[in-house]
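Visitor: Please take me through one part of this protein in close detail. I would like to look at a sheet and follow the chain outward from there.

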Amino acid sequence: MMTETVTLGKALNHGLRRALENDPKVLIMGEDVGKLGGVFRITDGLQKDFGENRVIDTPLAESGIIGTAIGLAIRGYRPVCEIQFDGFVFPAFDQIVSQVSKMHYRSLGKVRLPIVIRIPFGGGIGAVEHHSESPEAYFSHTPGLKVVSCSNPSDAYHMIQQSIVSDDPVVFFEPKRRYWEKGPVDLAGTPDLPLHTARVVQEGTDATVVAYGPMVRTALEAAQAAAEDGRRIEVIDLRTLSPLDLGPVHESVRKTGRCVVVHEAPGNLGLGAEVAARVTEECFYSLEAPVLRVTGFDVPYPAARVEEEYLPDLDRVLDAVDRSFGW
C-alpha cells in the first residue's frame, strides 16, 4: 500500500494525473484549468507536466466547452470538462441534456460520448451569487447521463478515474466545501467498490441516515452526537445519484425501521423525494415512521451571510431523527 493523507482536492489532482498518464486520449479542458491550475487548484501542475494540448485553457463559454468535448469524444478522445462553479453549468445545460445524454441512444448504440463533466457544488464557502448551487437533480432526472458525487479523498481519487474510463457520460459532482478536508488515500491501490455503488460508512441499528457529497460528514457528525444519547445511527453514502444504488439503503431500513435523507438542494422534487418513494415501496412493512427529509429550503440560494441558516446542519438532522422516533 502507498497510503497518503491528502485533501479531497489533492486526491482529485492525483486521480486526474493518473488518468492522463494511463491514456493519451484523456484531455482536461475548462476555464483557468491550465496555467492557473483551476480556481480551486484541482488541476494544479497538470498543464506544466502534460502540455497545453492535453490540459487546455478554454474561453469563458460553458456551452463551447461541452460542445467541443462532444466533437472530441466522437473522434475517440476522453475529455474531462471542468465547470468552474455549479451555477455556471446552465449555459451548457442544452448541450448536456440535448446532445451528451442522447447521442448513444440516437445513434442506436454506435456512438459513445465518454465525457466527464466535473462540477464543484454546494455551499459553505461564503461565495457570491451563482457560486453555490446544488443542481444535481436536473442531471439525475435526465436519462443517458450517469451522475456521481464523492464525499472523501479516497473516493475522490478512485471515482474520478473510474468515471474517466467509463464509456458513458458522467456528471461528477465535487463537494467544494470539503476540498480542504484530509483523509487517507491508497494511491497505488484499486477501488474497493464499483463506481455506481452506495456505501455504508457507519453501521447502526436504530435509524438510517442517507446522504451524499458534502452532507455525508454532517450525517456522520449527527450519528456521533446521537450516540451520546444511546442511539446508534447507520449512515449511508449514496455516492451514485443516477443510477441510484438503493440495495444497501433497503437492507439498512429493514433493520432500523427508520430513514432520514439529507441533501443541500431544495426539497421539492429533489433526490430525497426519489429515495423516500423507493424506500417506502420496498420497505413499507419494515418502516416504523415515514421517511423524512432534511434539505435546503425551496428558495433561491441565499446571500453568503445567511447561508448557514439555509444549509442542513447537525441540529436539523438530529431533529429529524427525533421526529422519526416520535411516531
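Guide: What follows is a walk through one sheet, then its surroundings, in a predicted model.

Start with the sheet itself. Five strands make it up, and the sheet is open. Their order is β9-β11-β10-β13-β14, with mixed pairing. Which strands stand at the edges? They are β9, residues 199-202, and β14, residues 292-296. Each has a single partner strand, so one side of each is left without a neighbour in the sheet. The sheet is also twisted in a way you can put a number on. On average, neighbouring strands are turned by 25 degrees against each other, direction ignored.

Now zoom in on one pairing. Strand β10 covers residues 207-211, and strand β13 covers residues 259-266. These two run parallel, and three bridges join them. Find Val 210 on your screen. Its bridge partner in β13 is Val 261. A helix packs on this sheet as well. That is α8, residues 215-227. Helix α8 touches β9, β10, β11 and β13. Its direction makes about 170 degrees with that of β11, which spans residues 233-237.

Next, the cysteines. The structure holds zero disulfides. A disulfide is a covalent bond between the sulfur atoms of two cysteines. Take Cys 283. It is in no disulfide, and the nearest cysteine sulfur, that of Cys 259, is 8.1 Å away. The cut-off for a disulfide is 2.5 Å. Cys 283 is buried, with a relative accessible area of 1%. Why does Cys 81 form no bond with Cys 150? Their sulfurs are 17 Å apart, which is too far for a bond, and Cys 150 holds the closest cysteine sulfur to that of Cys 81. Cys 81 is buried too, at a relative accessible area of 0%.

Cys 283 belongs to helix α10, residues 271-283. Stay on that helix for a salt bridge. Glu 282 pairs with Arg 254, with the closest N and O atoms 4.0 Å apart. The pair links distant parts of the chain: Glu 282 is in α10 and Arg 254 is in helix α9, residues 247-256, 28 residues away. Are the two partners buried, or partly exposed? Glu 282 is partly exposed, with a relative accessible area of 45%. Arg 254 is partly exposed as well, at 43%. Another group is a network. Salt bridges that share partners join Asp 155, Asp 192, Arg 199 and Arg 239.

Step back along the chain from α9. In the loop between β12 and α9 you find Pro 243. The peptide bond from Ser 242 to Pro 243 is cis, with omega near 0 degrees. Most peptide bonds are trans.

Strand β12, residues 240-242, leads to another set of strands. Two bridges join β12 to β6, and the two run antiparallel. Here Val 148 stands opposite Thr 240. Strand β6, residues 146-149, also pairs with β7, residues 170-175. This time the strands run parallel, and four bridges join them. The chain crosses from β6 to β7 through helix α7, residues 153-165. This β-α-β crossover is right-handed. Ser 149 stands opposite Phe 173 in β7.

Now look at Glu 174. It forms a salt bridge with Arg 118, and the closest N and O atoms are 2.5 Å apart. Glu 174 lies in β7 and Arg 118 in strand β5, residues 116-121, so the pair ties together parts that are 56 residues apart in sequence. Both residues are buried. How many salt bridges does the structure hold? The count comes to 22.

Compare a pair within one helix. Arg 18 and Glu 21 form a salt bridge, with the closest N and O atoms 3.9 Å apart. Both sit in helix α1, residues 8-22, three residues apart, which means they are separated by about one helical turn. Arg 18 is partly exposed at 27%. Glu 21 is partly exposed at 48%.

Finish in the loop between β5 and α6, where His 130 has its place. His 130 has a positive phi of about 75 degrees although it is not a glycine. Most residues other than glycine have a negative phi. At 42% relative accessibility, His 130 counts as partly exposed.

How values were computed
Residues numbered from 1 in each chain as written. Predicted model: local features only at pLDDT ≥ 70, side-chain atom pairs only at ≥ 80, totals over all residues. Heavy atoms only, no water. Pairing = 2+ DSSP bridges. Right-handed = clockwise from strand over helix to strand, strands pointing away. Buried < 20%, exposed > 50% of the residue type's maximum accessible area, 1.4 Å probe, protein only. Axes fitted to C-alpha atoms, helices over the stretch in contact; angles between N-to-C directions. Contact = heavy atoms within 4.5 Å. Salt bridge = Lys/Arg side-chain N within 4 Å of Asp/Glu carboxyl O.
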